Amino acid sequence: MVIDYISQLTIFNYIDIILVGLLIYQAFKIIRGTAAMSILVGIIVIYFIYLVTRELKMNLLSTVLGSVMSVGVLALIIVFQQEIRRFLLHLGSRYTISFGKIKWLSIFFKRKSKGMSLQCLDELIQACRKMSETKTGALILITRRSSLEAIAETGDAIDAVVSRRLIENIFFKNAPLHDGAMLISSERVRAVRCTLPISDNPNIPAHYGMRHRAAMGISEQTDALVVVVSEETGNISVVQNGNIQKINSFTELRLTIDSGMKW
């Protein structure tokens, strides 16, 4: 019987199965290691109980669970709002870049950046070097494709050239603007004292503080590149796409930022 069913499948059925498998795999990669994974397991358990109670004719319980399942799609959208946003952003960003590499499509999907200028990058690296030596905590958010206007509105708007002295003065411990994140967009400092969403990823190591959790939070929701200087240790980390990379040298920091800004 199974063989007969398989023999009736067309090429489009196989393509359908492969695409569904890829979709499930990509969704799993997005939620793996987050609290959403536990929620998804809970939903699967509830659905399994619903199927069992329905087959066993347990009408009262199956009716209650059926009512819950009837609004399941709406509940999933609400519960997994952040993960859905990350998935769509990842999908859109990835294929926009891919299409941009095809000559006849490049007129619609052009790359908007060839990387940060050498002068801007040097100023940023030198500021991070000084803040690392003095153990001055810093949180620097660099815009790539995603619009961060909503983040900028949570802080104080400024419009200044990126310079090491400006960055060091803003994050100086007793400065009135040192709390929160600095937003750099189009190689200019656009806002300071910005508030970032805190990540709820349970797998973030305990030794990372609130700056790292805030950097993780914004990188999970946007494609921004975030530079973090630890106030406790002076260590520098770069956070992007929900991943924290500890920086071991300023050459590595330069290469990481430069490659991250080329999209």
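1. Threonine 256 touches Leu225, Val238, Gln240, Gln245 and Ile247, leaving aside residues up to four places away in sequence. The residue sits in helix α11. Its relative accessible area is 8%, so threonine 256 is buried, the limit being under 20%. The model is a predicted one, and the values in this note are to be read accordingly.

2. On the whole chain: the secondary structure comes to eleven helices and seven strands. Of the 263 residues of the protein, 35% count as buried. Among contacts with a separation of 6 or more, 60% are made by residues 24 or more positions apart.

3. Helix α11, residues 250–260, packs on helix α7, residues 118–133. The angle between the two is about 140 degrees, and their axes are 10 Å apart. An angle of that value makes α7 oblique to α11, since roughly antiparallel is kept for angles over 145 degrees. The crossing of α7 and α11 is right-handed.

4. Which residues make this contact? From α7 they are Leu118, Leu121, Asp122, Leu124, Ile125, Cys128, Arg129 and Ser132. From α11 they are Phe250, Leu253, Arg254, Ile257 and Asp258. By class, the contact of α7 with α11 holds eight nonpolar residues, four charged and one polar. As background, an α-helix has 3.6 residues a turn, so residues three or four places apart point the same way.

5. The length of α7 was checked against expectation. At 1.5 Å a residue, its 16 residues should span 22 Å, and the end C-alpha atoms of α7 are 22 Å apart, so the two agree.

6. Burial within α7 takes in Cys120, Leu121, Glu123, Leu124, Ile125, Ala127, Cys128, Met131 and Ser132. Glu123 is thus one of the buried residues of this helix. The buried residues of α7 pack against two helices, α9 (164–170) and α11, and against the strands β1 (138–142), β3 (181–185), β5 (225–229) and β6 (236–240).

7. Some backbone angles deserve a look. Most residues other than glycine have a negative phi. Lysine 135, which follows α7, has a positive phi near 55 degrees. Lysine 57 is not a glycine either, yet its phi is positive, about 60 degrees. The place of lysine 57 is the loop between α3 (35–55) and α4 (59–70). At 64% relative accessibility, lysine 57 counts as exposed, because the cut-off is over 50%.

8. Glutamate 187 also has a positive phi of about 60 degrees without being a glycine. This glutamate lies in the loop between β3 and β4 (188–194). Is glutamate 187 buried, exposed or partly exposed? Its relative accessibility is 32%, so glutamate 187 counts as partly exposed.

9. Valine 64 is found in helix α4. With a relative accessible area of 46%, valine 64 is partly exposed. How far apart are valine 64 and tyrosine 50 in space, C-alpha to C-alpha? The distance is 8.9 Å, for a separation of 14 residues in sequence.

How values were computed: Residues numbered from 1 in each chain as written. Predicted model: local features only at pLDDT ≥ 70, side-chain atom pairs only at ≥ 80, totals over all residues. Heavy atoms only, no water. Axes fitted to C-alpha atoms, helices over the stretch in contact; angles between N-to-C directions. Helix = DSSP H or I, 4+ residues; strand = E, 2+ residues; numbered from the N terminus. Parallel < 35°, antiparallel > 145°, perpendicular 65-115°, else oblique. Left-handed = near helix turned anticlockwise from the far one by under 90°. Contact = heavy atoms within 4.5 Å. Nonpolar A, V, L, I, M, F, W, Y, C, P; charged D, E, K, R; others polar. Expected span 1.5 Å × (residues − 1). Buried < 20%, exposed > 50% of the residue type's maximum accessible area, 1.4 Å probe, protein only.
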